Structures are given as structure tokens and as C-alpha cells.
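The following exercises concern the contact between two protein chains. Each task is followed by a worked solution.

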Protein chains: 2
Amino acid sequence: MDFTSERRLDDGVREREFTLGEIPGILWTSEAASEPVPLILLGHPGGVGRMYPRLVARAQRCVALGYAAATIELPGSGDRPRLADVDQARADLRRAVQAGEPVGDDIVERLILPLVDQGVPEWRATLDALLALPEIDGPVGFAGGVIAIAVRLAVVEPRIAAATLFAGSYVPRSMFDDARQVTIPLLVLLQWDDEGNDRQLALDLFDAFGSKEKTLHANMGGHTGVPQFEGDDGDRFFGRHLK
Amino acid sequence: MDFTSERRLDDGVREREFTLGEIPGILWTSEAASEPVPLILLGHPGGVGRMYPRLVARAQRCVALGYAAATIELPGSGDRPRLADVDQARADLRRAVQAGEPVGDDIVERLILPLVDQGVPEWRATLDALLALPEIDGPVGFAGGVIAIAVRLAVVEPRIAAATLFAGSYVPRSMFDDARQVTIPLLVLLQWDDEGNDRQLALDLFDAFGSKEKTLHANMGGHTGVPQFEGDDGDRFFGRHLK
């Protein structure tokens with residue numbers, strides 16, 4: 001992990017950009033922390049630059065609550081080399097949604113599985129590097145982003161202690177076996193009237209999770225209209241499981 | 001409204017039993033309050049005596065947060081005259097559930113509609129009497145209980161400003177028209193693995209509500225296993241809408 005830049009934000013937050021091999025990422029920590037703190041990995045739909053305003057707001061909130069926060073770019077997004085097959089699948093999905101057609105599982109698999117297969121090991125390598133830093137120990141939470149990545153990560157990565165999932169992207173039916181193997185506490189957010197999403201698939205996925213503590217929060221407001229109070233609920237969820 | 005007994009609980013809570021005509025009820029207020037406070041009506045499945053330990057705990061919590069709290073007995077429950085047709089429907093429902101048969105809508109209608117038709121005007125009359133007391137003004141919240149009663153009350157009673165609903169009892173499909181007319185903020189609790197309930201009906205009902213702000217919280221733990229943190233979430237919901 002090579003730190004490539006550093007700056008100081010408001011509220012005593014230290015922001016460091018890094019690269020891990022070819023993968024760019026950002027780490028946010030408190031300048032004031034004297035002891036190692038738990039870590040929250042911030043998921044996103046891809047495109048760290050485009051998502052930066054929202055990511056930094058989430059990160060500042062994490063740091064204010066006593067966590068470190070970090071994110072990495074997704075495979076094929078931002079400045080990383082494109083994944084032609086994934087781009088094609090994304091275009092196919094958009095066309096199906098716009099035409100009001102059902103989104104075939106083949107499209108979902110072509111879009112999501114490469115991101116999972118390549119992205120999950122990248123998150124794990126990032127976790128290795130972050131947990132080697134003296135300012136971070138654990139436990140580790142995963143918050144939001146491509147839900148299929150979070151699901152697979154929750155299965156294969158024992159250092160993830162709890163996760164908030166945003167049911168705002170597709171999950172291949174073939175990954176329901178992964179979902180059944182998840183046992184960590186989950187808070188699943190579903191925008192009930194999200195036009196670009198499959199509500200029944202999200203409900204079936206929630207049902208499939210093997211976790212004894214799993215909570216679904218459904219709200220109105222469309223894909224981008226998650227109510228502000230859900231941020232507080234997420235904070236309390238991580239407060240229960242990471243502190 | 002005739003007060004029939006009064007006692008002082010811990011934490012400065014004043015508990016008064018009352019009757020409103022034939023209907024027994026309980027009012028909890030703070031001894032310390034110097035100004036009129038908002039009111040939360042505490043719903044329950046019927047049987048105030050049997051439910052008292054849980055009701056008084058909820059009431060003490062309400063009073064600590066700056067509300068008055070009140071409840072009344074349901075038609076046909078507790079010491080009130082039995083409703084033979086409702087008792088028969090309840091027995092039919094139990095038999096169907098135990099036999100693993102689908103619960104027919106005719107059973108649900110025979111069980112629920114009499115409670116709604118008789119109970120809702122009783123809650124409204126209680127509200128008239130409570131809001132005439134100098135220690136209570138408004139707004140008014142409704143919390144839990146027979147969900148069909150809360151739904152009808154939310155439609156016909158403009159003084160109800162917000163409601164937390166427990167999707168733990170049946171609602172006749174004929175009442176979905178009521179649900180579509182509900183416009184107040186709702187927090188709907190669903191126990192995902194509630195064996196004695198119809199999950200799909202609860203999801204369809206949540207979908208039907210006309211409210212712009214409606215939130216569904218689904219958890220594991222069976223009918224009686226609502227997690228403790230949901231109490232905090234309910235407090236915050238009423239805090240946003242009644243204060």
C-alpha cells in the first residue's frame with residue numbers, strides 16, 4: 001500500500017489517497033486518535049471520483065463516531081481499465097429496464113459476477129494492508145455498495161463483523177447460496193419504490209440470508225431518496241456491533 | 001370519563017384507571033409535567049389485564065420521553081362481554097393455522113371487522129375525553145395493537161399524526177382500500193419469521209399504504225421476539241413526528 005497524497009479536512013479528518021498495486025483507494029482517519037480504532041469499509045457503485053462528495057461525507061461521519069473509513073475503486077470503474085464484458089452487460093441491463101422488460105439472470109450474471117470475482121479479493125488485500133497500519137485494528141464493518149460484493153465478502157472474509165447492505169443493485173440468483181452462508185449481523189436497506197431495482201429479488205435475498213440478526217429497512221423515495229434518518233440507524237447498527 | 005383508581009408508580013408516573021361508559025382504560029401521565037403534552041395511544045391484542053406488564057413498561061417509557069400514554073380494553077376482551085362471533089372466528093383461525101391450512105379471508109373478516117367497527121369509535125371517544133384533560137393536548141400517536149384498528153383509525157381520525165404498526169395480526173383484504181387512504185407517517189414492524197402471521201399479506205399491506213413517509217422494519221425472532229433496539233427506533237419515529 002503506497003500513500004500517494006495526503007490532506008487535512010475539517011473536523012480533524014486526515015485523508016490519504018493510496019494505491020494497492022493497480023487499485024486506487026482512499027483512507028480517512030482521525031488526527032486526534034491515540035489508540036487503534038475499528039474500520040468501516042465504504043462500498044459504492046463504482047467511480048470513486050464521481051462518488052467522492054458522498055463518500056467523504058460518509059467517511060467524515062465515520063471518523064466523528066470513532067472509526068477509520070476506507071474505500072477502493074471497483075474493477076472497471078473510474079480510471080481503472082474498462083471491463084468490456086461488464087460494460088456490455090450494463091448496457092444490456094439499461095436497455096431491458098428502459099424497455100420495461102424483465103432483466104434476465106444472464107445479464108445480471110455477466111454484469112455482477114466479474115465484479116464479485118475480481119473485487120472481493122481486492123477488498124481482502126486492502127483489508128490486509130489497512131489492518132497492518134498502527135492506527136487501525138478491528139472489528140471491521142462493510143457499508144453499502146454493490147450488494148453482491150458485500151454478500152460474497154461477508155461469506156469469505158471472517159474479519160467482517162457486520163454489514164449494512166443497500167438492496168439497490170442486482171444479485172444473480174446463483175449467489176443465493178452465498179447469501180445462505182452469511183451469518184454476521186446485517187442491516188439491509190431497500191428503497192421500496194426504486195424503479196431500477198427488483199423488489200421481489202431484494203425480499204427473496206433478505207429471506208435467504210443465514211444471519212440470526214438481520215434487519216430490513218424499507219422506505220419510499222426512489223433509488224437515491226434514502227431518508228436521512230437511515231444514516232442514524234446505520235450508525236447505531238455499527239455502534240452495536242463494532243464497539 | 002370517570003377515574004376509578006389512581007396510584008403513583010416509580011419515576012413520577014401517575015397511573016389512573018378510568019371507564020368511558022362500559023369501556024375500561026388506563027391513563028399514564030407525569031407528575032412533574034407543568035404543560036400539556038402530546039399523547040401516545042397504546043394498542044394491544046386485547047386483554048389489558050393480561051397485557052398490563054408490557055403496557056405499563058411501554059407507558060413508563062412514553063412518560064419518560066415527555067408524552068402521556070393511554071389504552072382501553074378491546075371489544076370482547078378482558079372483563080368486557082364476549083363477542084361470540086369473534087370468539088368463533090378466532091377458534092377457526094387457530095384451527096386453520098395449526099392444520100397448516102391457508103387462513104381464508106372469511107375467517108379474517110369475521111375476526112377483525114367487528115373489532116374495527118366497534119373498536120375504532122371507542123378509541124375516538126376516548127381521544128375526545130383525553131384531549132379535554134388539561135394535562136394533554138396533542139399531537140397524538142398510535143402505537144401497535146391490532147393493525148386493522150390502527151389502519152381504520154388512521155383514516156377516519158385526523159387527530160392521529162403518526163402511527164407505529166405491528167404487522168402481527170391479520171387484515172382483511174377488504175380493508176386494503178382503507179390502507180390506500182392512509183397518509184400519515186408510518187413505521188411498520190414485521191417479524192419476518194412470525195409463524196402465526198401471513199408475511200406476504202403484511203408486505204402487500206405496506207405496499208398499499210398511501211403515506212409518503214412509510215418505513216418497514218423487518219426482523220427475526222418470531223412473533224414475540226421484536227428486538228429491543230426497535231423500541232428505540234419507535235421512540236425516534238414519534239420524536240420526529242409528535243414533538
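**Exercise 1.** Examine the pair Arg199(A) and Asp207(B) and classify the interaction of their side chains.

*Solution.* The model is a predicted one. The N to O distance between the side chains of Arg199(A) and Asp207(B) is 3.3 Å. The criterion asks for a Lys or Arg nitrogen within 4 Å of a carboxyl oxygen of Asp or Glu; the pair therefore forms a salt bridge. Across the interface of chain A and chain B, the rule finds two salt bridges. Polar contacts link nine residue pairs across this interface, both residues being at pLDDT 80 or more.

**Exercise 2.** Determine which elements of chain A give two or more residues to the side that touches chain B, and describe the residues of that side.

*Solution.* The elements are helix H6 (199-208), strand E9 (214-219) and helix H7 (229-242) of chain A. E9(A) gives the most, with six residues. By class, this side of chain A divides into seven nonpolar, four polar and nine charged residues.

**Exercise 3.** State how E9(A) is joined to strand E9 of chain B.

*Solution.* Five bridges connect E9(A) with E9(B), residues 214-219 of chain B, and the two strands run antiparallel. Within this pairing, Ala218(A) has Leu216(B) as its bridge partner.

**Exercise 4.** Give the extent of the interface in residues and in buried area.

*Solution.* Chain A and chain B each bring 20 residues to the contact. Together they bury about 1,600 Å², with 56% of it on carbon and sulfur atoms. Of the area that chain A buries against chain B, 29% comes from Trp192(A), Met220(A) and Phe229(A), more than from any other three residues.

Technical notes:
Residues are numbered from 1 along each chain as its sequence is written. Chains are lettered from A and ligands numbered from 1 in the order in which they are written. This is a predicted model: local features need pLDDT of at least 70, side-chain atom pairs count only at pLDDT 80 or more; totals for chains, interfaces and linings use all residues. Side-chain values use heavy atoms; hydrogens and water are left out. Contact means heavy atoms within 4.5 Å. Buried area is the accessible area (1.4 Å probe) that two parts lose on being put together, summed over both. A polar contact is a pair of N or O atoms within 3.5 Å; within protein, one must be able to donate a hydrogen and the other to accept it, and residues adjacent in sequence count only if both atoms are side-chain atoms. Helices (H or I, at least four residues) and strands (E, at least two) are DSSP runs, numbered from the N terminus. Ala, Val, Leu, Ile, Met, Phe, Trp, Tyr, Cys and Pro count as nonpolar, Asp, Glu, Lys and Arg as charged, and the others, Gly among them, as polar. Two strands pair if DSSP finds at least two bridges between them.
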